[in-house]
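Here is a guided walk through one protein model and its ligand. Keep the structure open as you read.

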Amino acid sequence: MNARVHARQQAQLAFDASGQNLIVGERSQCPLAPEVLAALTAESPLVVQQFGGGLTARVFRLAINGREYTLKQKRAEALVRNVDGQTSFLNEVQRRADFARLQADPVWAERFSHIVPTLYADYRLGIILSPWLPGAPLDRFDEAIFRQILETAVACEEAGLMEWDLCPGNILEDNGHIWLFDFGYMYPFDPLTEYNSNGLSDPLFHACERFETRHFFGWLLQHESAIPAPQALALFRSLKSVAVEVYQQKWHWLQQHAASQPVCQWVSSQVARWQHALSSDTALAELFELENFRSQVLDIEDDLHGKSCTALTLRRLAFVERCLQQRFDVLAQGGALFYDNAGKSQEQLLASYHHKRALAEQYLLSAAERL
Ligand SMILES: Nc1ncnc2c1ncn2[C@@H]1O[C@H](COP(=O)(O)OP(=O)(O)OP(=O)(O)O)[C@@H](O)[C@H]1O
Ligand SMILES: [Mg+2]
């Protein structure tokens, strides 16, 4: 276990056990007493809509005196059976406190215009109250959308916050305006000396990769039959063009703030890699293949770790098995076999993914039984 991650988890578990509270905002911003909000149930006439699918929280859309609110209530027991899942509500209240400070700071405020404001949050009561955001889960891409997501995620990184879960359920689009509102898996780090909230051990994870892994490549896989390969590549080109610009700006910021050499070097190496990919259709297709495979592999691990497998997990597994059968040499040479997959033969990898598929099917089944 990564020591940096372990220390953060221990601090959060200790905070939870301590009985201390964390409150964000003012009671006066609440349209009802916080205790009343904490006790609201789906039967309340104030509840206009509910999102019950969350693993650590329940979300209600409320209408009170002509205004609409989003109330997130902590579940008594998280359905994700790992530490990060169990502490994700606390983590979100901690991040809401960070954003309340950043959004009140003129130096940062403008860069967080895609982050939902927090009206009030109380960890011990188990509530987070935000304005209701009109719109729908993000289900299309263009350059302006890529830009808003990457600029916001990189602004978070510069403020020392790494967002791990940029999944479709955590991004809303309102007429071209993007909103981020779920910070259960966003962790602090030092952007000047660390790659991300795992410290210096896993440079693989960063804003653009997180968006590609949790969202973009899964979305493309789901829309495989409707989106022909050239269209998928055109979207990838647009995403990487934006990423080059945003990461170049990040590089300048790192330079201005005297960031460590490995961190600066790593960002410039990403930019160079993407610029090379953008230089020809062949290079772009090569990078697409490697990063698509990387993202499906990483997301499978995420689902297995959280025991939160879905039909999409099985689809990702089928995709990875197909790639391993047909493109093993290209993937091995391109550096797409990392962590547990590094150094394994094609046969060993196929056996390993066969086993992962059986596990995913089992988790899917037990999830269905819980309903
Ligand atoms: N401020 C908001 N405005 C509009 N809709 C929201 C807002 N906050 C959340 N939602 C809706 O509620 C859904 C669930 O919210 P959120 O992602 O915060 O919790 P969750 O993912 O269910 O919880 P968990 O962290 O337990 O998985 C979102 O996918 C979104 O559709
Ligand atoms: Mg969510």
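In β6, which residue is the bridge partner of Q73? The partner is I127. Bear in mind that this is a predicted model.

Start with the strands, then. I127 belongs to β6, which spans residues 127-131. On one side comes β4. Five bridges join β4 to β6, and the two strands run antiparallel. The pair Q73 and I127 is a bridge of this kind, with I127 on the β6 side.

Now look at β5, residues 120-122. Strand β5 also pairs with β6 in the antiparallel sense, here over three bridges. I127 turns up again: it is the bridge partner of D122. So I127 has bridge partners in Q73 and in D122. Strands β5 and β6 form a hairpin with four residues between them. In this hairpin, G126 takes a positive phi near 75°.

How enclosed is β6? Four of its five residues are buried, so the strand is largely enclosed by the rest of the structure. Buried here means under 20% relative accessible area.

Next, turn to ligand 1. There are 16 residues around ligand 1, and T56, K72, L133, G169 and D182 come nearest. Three of these names return at the level of the backbone. A backbone N or O atom of T56 lies 2.5 Å from an oxygen atom of the ligand. For G169, a backbone N or O atom is 2.7 Å from a ligand oxygen atom. L133 faces a nitrogen atom of ligand 1 instead, with a backbone N or O atom at 2.8 Å.

How much of the ligand does the protein cover? On its own, ligand 1 has 620 Å² of accessible area, and the protein covers 86% of this. Two strands, β3 (57-64) and β4 (67-74), each give two or more residues to the shell. Strand β4 thus links the two parts of this tour: it contributes to the shell around ligand 1 and is joined to β6. By residue type, the shell divides into nine nonpolar, five polar and two charged.

Finish at G160. This glycine sits in the loop between α5 (143-158) and β8 (161-163). Is G160 buried or exposed? G160 is buried, because its relative accessible area is 7%, and the cut-off is under 20%. Beyond its neighbours within four places in sequence, G160 is in contact with Y187, P188, F189 and P191. M186 is 26 residues from G160 in sequence, with 10.0 Å between their C-alpha atoms.

Terms used
Residues numbered from 1 in each chain as written. Chains lettered and ligands numbered in written order. Predicted model: local features only at pLDDT ≥ 70, side-chain atom pairs only at ≥ 80, totals over all residues. Heavy atoms only, no water. Buried < 20%, exposed > 50% of the residue type's maximum accessible area, 1.4 Å probe, protein only. Contact = heavy atoms within 4.5 Å. Near = heavy atom within 4 Å. Polar contact = N/O pair within 3.5 Å; in protein donor to acceptor, adjacent residues only side chain to side chain. Areas by Shrake-Rupley, 256 points an atom, 1.4 Å probe, with all protein chains shown as cover. Nonpolar A, V, L, I, M, F, W, Y, C, P; charged D, E, K, R; others polar. Pairing = 2+ DSSP bridges.
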